[in-house]
Amino acid sequence: MRADARDNRARIMTAADEVFGRSPNASTDDVAKLAGVGIATVFRHFPTKTELLEAVLTLRLERLRDTALDLAGSNHPGEAFFGFFTQVVSESASKLAIAEALTAAGSLGGADARNAGAGLREAFGTLLTRAQEAGAVRRDAGLAEVYALLIGASRGATAVGLEPEVRDRMLGLVFDGLRP
């Protein structure tokens, strides 16, 4: 791919992440305007809105996975785990808006998004295991339950539009239940 095409693609992805993260009803025209490219350029890189949404969701999931993997090497596994959990919940509104837009477009996400999601879950499991080994998280908390808490807290905080102070208190309660 030529350098200018790579730059255009990167600008389109950045714009799409912002535009669709604000509203699941946003259009590809909005993305093109924010990216500073023509709509034809957007469709050259992503022939359908669904493909663009899948690419943005995949990128978001990959970034979260990479963050979790980076944090897994932390000297403070408990802080890393609880910090990552907080980050995911705090950023959930825009990720869920993208997922809603994808669902509205008739897709449940392509193979890339599913693989990125599986990678995120695995990386989160590593964070959980390290936090448990450090004594920061109770050992009887399984990945399935804790991941369900992460998803539930994310969806709940988004659905009712929790103010940051309320969200943080809610997370404090969840975290108290996870600690030994």
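The expected span of a helix is taken as 1.5 Å times one less than its number of residues. In this predicted model, helix α4 comprises 23 residues, from 49 to 71. The distance from its first C-alpha to its last is 33 Å, close to the 33 Å expected at 1.5 Å a residue.

Buried positions of α4 include Thr50, Leu52, Leu53, Glu54, Ala55 and Val56, together with Leu57, Thr58, Arg60, Leu61, Leu64 and Ala68. The packing partners of the buried residues of α4 are α1 (3–22), α2 (28–35), α3 (39–45), α5 (77–90), α6 (92–104) and α7 (111–133).

The pairing of α4 with α7 was examined further. The axes of these two helices, α4 and α7, come within 8 Å and cross at roughly 20 degrees. Angles under 35 degrees count as roughly parallel, and α4 and α7 are therefore roughly parallel to each other. The crossing in which α4 passes α7 is left-handed. On the α4 side, the contact is formed by Leu57, Thr58, Leu61, Glu62, Leu64, Arg65, Ala68, Leu69 and Leu71, and on the α7 side by Asp112, Ala113, Ala116, Gly117, Gly119, Leu120, Ala123, Phe124 and Leu127. Classified by residue type, the contact of α4 with α7 contains twelve nonpolar, three polar and three charged residues.

Phe81 is located in helix α5. Because its relative accessibility is 0%, Phe81 counts as buried. With residues up to four places away in sequence not counted, Phe81 touches Phe124, Leu127, Leu128, Ala131, Val137, Val146 and Leu178. For Phe81 and Leu127, a sequence separation of 46 residues accompanies a C-alpha to C-alpha distance of 5.5 Å.

Technical notes:
Residues numbered from 1 in each chain as written. Predicted model: local features only at pLDDT ≥ 70, side-chain atom pairs only at ≥ 80, totals over all residues. Heavy atoms only, no water. Helix = DSSP H or I, 4+ residues; strand = E, 2+ residues; numbered from the N terminus. Buried < 20%, exposed > 50% of the residue type's maximum accessible area, 1.4 Å probe, protein only. Contact = heavy atoms within 4.5 Å. Axes fitted to C-alpha atoms, helices over the stretch in contact; angles between N-to-C directions. Parallel < 35°, antiparallel > 145°, perpendicular 65-115°, else oblique. Left-handed = near helix turned anticlockwise from the far one by under 90°. Nonpolar A, V, L, I, M, F, W, Y, C, P; charged D, E, K, R; others polar.
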